[in-house]
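Colleague: Before the assignments are accepted, I should like to hear the reasoning behind them. May we go through the model together?

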Amino acid sequence: VEVNLRTYVRGPDGTGGIWFFSLECARLPVVLALRALSLPYQWARAEVATGPARIAYRTRRYGTGLGMRAAVRVGEPVETDPLAVFLTARWWAYTLWGQRLWRVPVEHEPWPLRRATARVAAGDLFHAAGLPAPWVEPLVHFSPGVHVRVGAPQPA
């Protein structure tokens, strides 16, 4: 289980990508390896509970207790549309490493998406990232996941 807080950005050359504010992950080797790439991975206890009508997620960072909770109801498959492609077809993650902006290549197959609704309590993660808590209802999609491959960072 991995939970991320992110936004969508363009690099100096106009290439679209993702800027991660945090990535909560229960696998310590993954956390350490991707921190080495200057990605903001946080080691956290992560739990998923599935029921007949919903999926519940919970994370809690080791050492600080910060975390999030979400209860998701999964709906019908999403037809491919420009917004869904924009939100999920990202091939670069940007990060600061030292005093320089870097981009990290990311490969994955298209995400299988389903419509969803969610009740989310993630204020801790927003606050820890220096962001205000959201004031609008979230746009929610569900995916059972994809296999992601991360490449070597390059100067942006």
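Modeller: Certainly. The model is a predicted one, and the structure holds five salt bridges.

Colleague: Why is the contact between D13 and R103 called a salt bridge?

Modeller: The closest N and O atoms of D13 and R103 are 3.5 Å apart. The criterion asks for a side-chain nitrogen of Lys or Arg within 4 Å of a carboxyl oxygen of Asp or Glu, so the pair of D13 and R103 qualifies. D13 is in the loop between β1 (2–10) and β2 (16–25), whereas R103 belongs to strand β7 (residues 100–107), and the two are 90 residues apart.

Colleague: What makes D13 exposed and R103 buried?

Modeller: D13 has a relative accessible area of 53%, and exposed means over 50%, so D13 is exposed. For R103 the value is 15%, and buried means under 20%, so R103 is buried.

Colleague: How do you know that E24 and R61 form a salt bridge?

Modeller: Their closest N and O atoms are 2.9 Å apart, and the limit is 4 Å, so the pair of E24 and R61 meets the definition. E24 lies in strand β2 and R61 in strand β4 (residues 55–61), so this salt bridge ties together parts that are 37 residues apart in sequence. Both residues, E24 and R61, are buried.

Colleague: Why does the pair of R60 and D124 count as a salt bridge?

Modeller: The closest N and O atoms of R60 and D124 are 3.7 Å apart, which is within 4 Å, so the pair counts. R60 is in strand β4 and D124 in helix α3 (residues 123–128), 64 residues apart.

Colleague: Why are R60 and D124 called partly exposed?

Modeller: Partly exposed covers what falls between under 20% and over 50%. R60, with a relative accessible area of 24%, therefore belongs there. D124, at 32%, is therefore partly exposed as well.

Colleague: How do you know that β4 and strand β5 pair?

Modeller: Pairing needs at least two bridges, and β4 and strand β5 (residues 67–77) have six, so they pair, in the antiparallel sense. One of the bridge partners is A71 in β5, which is matched with A56. The two strands form a hairpin with five residues between them, and G63 in the turn has a positive phi of about 90°.

Colleague: What makes β5 and strand β8 a pair?

Modeller: Seven bridges join β5 to strand β8 (residues 114–121), and at least two are required, so they pair; they run antiparallel. Here T117 in β8 is the bridge partner of R73.

How values were computed:
Residues numbered from 1 in each chain as written. Predicted model: local features only at pLDDT ≥ 70, side-chain atom pairs only at ≥ 80, totals over all residues. Heavy atoms only, no water. Helix = DSSP H or I, 4+ residues; strand = E, 2+ residues; numbered from the N terminus. Buried < 20%, exposed > 50% of the residue type's maximum accessible area, 1.4 Å probe, protein only.
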